[in-house]
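Colleague: Please take a close look at a single part of this model, one helix and what surrounds it. I would also like to hear about the salt bridges.

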Amino acid sequence: MKFRWSGATACDVETAAARLNDYFGAVGYRTLPSELRWARGSLWKALLTMSPRQLPIIVEAKVQPWGAQTLVDVTFDFPRSVRALSEQDADLIVAELRGLTEYLQHGVADFEAMLRLERAAQRTARAALLNTLGLIVLLSLPLAWLFGQMQLPPLLASMLGGLVGGALASYLFWRLIRRR
């Protein structure tokens with residue numbers, strides 16, 4: 001998935017490029033070898049930490065003079081991954097984009113507000129994960145018992161109970177993480 005932001009800033013090209021580097025460094029991106037490219041996160045870190053700032057994202061920017069201003073074109077590339085974006089993940093991305101525009105214009109951004117959004121998204125995801133694990137246990141045991149009552153071999157009944165309970169709980173996990 002890609003999205004693009006374009007705008008103009010009142011500073012020169014060098015200042016705009018320096019502000020882009022400073023901003024993306026401050027929000028956790030690492031600089032890539034080619035000019036004005038940054039990357040952040042990985043699929044495994046995103047799954048382990050449940051942090052939206054660990055979602056794999058590649059950003060590329062282009063700057064060019066335009067009279068007394070500088071045109072800035074920024075492309076965000078979200079590689080397809082197993083982990084879907086929640087509303088709070090999207091809120092953080094929007095806040096970072098607003099922070100970028102503020103930083104380009106004035107050289108300041110509210111990094112603390114972005115950090116609070118990241119922590120709130122992590123708390124929501126962790127709570128949903130813990131609820132899901134509890135649901136797996138609560139659903140799998142009765143289902144295994146039910147399959148056992150259907151004269152299935154004990155090992156098969158346990159496996160089917162775990163699989164069906166896990167599938168139901170996985171669906172509920174995504175429902176829990178997407179609600180506010």
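**Helix α1 and the salt bridges**

Modeller: In α1, the buried residues (under 20% relative accessible area with a 1.4 Å probe, protein chains only; exposed is over 50%, partly exposed in between) are A16, A17, L20, Y23 and F24. Seen down the axis of α1, these buried residues fall within an arc of 130°, so they line one face of the helix; the arc is taken from the directions from the helix axis to the C-beta atoms. An α-helix has 3.6 residues a turn, so residues three or four places apart point the same way.

This is a predicted model, in which local features need pLDDT of at least 70 and side-chain atom pairs count only at pLDDT 80 or more, while totals for chains, interfaces and linings use all residues. Residues are numbered from 1 along each chain as its sequence is written, and side-chain values use heavy atoms, with hydrogens and water left out.

Helix α1 covers residues 13-26, 14 residues in all, and reaches 20 Å from its first C-alpha to its last. That is close to the 20 Å expected, the expected span being 1.5 Å times one less than the number of residues. Helices (H or I, at least four residues) and strands (E, at least two) are DSSP runs, numbered from the N terminus. At the start of α1, a side-chain oxygen of D12 comes to within 3.4 Å of the backbone nitrogen of E14. After α1 comes G28, with a positive phi near 100°.

The buried residues of α1 pack (contact means heavy atoms within 4.5 Å) against the strands β1 (2-9), β3 (37-40), β4 (57-66) and β5 (69-77), and against the helices α3 (87-106) and α4 (111-149).

Some of these elements also carry salt bridges (a side-chain nitrogen of Lys or Arg within 4 Å of a carboxyl oxygen of Asp or Glu), of which the structure holds 5. One of them pairs D73 with R4, the closest N and O atoms being 2.6 Å apart. D73 is in strand β5 and R4 in strand β1, 69 residues apart. D73 is buried at 16% relative accessible area, whereas R4 is exposed at 59%.

E96 and R40 form another salt bridge, at 3.0 Å from N to O. E96 lies in helix α3 and R40 in strand β3, so the pair ties together parts 56 residues apart in sequence. E96 is buried at 6%, and R40 is buried at 3%.

R53 and E118 form a salt bridge at 3.9 Å, and both residues are buried. Salt bridges that share partners join R40, R53, E96 and E118 into one network.

Technical notes. Polar contact = N/O pair within 3.5 Å; in protein donor to acceptor, adjacent residues only side chain to side chain.
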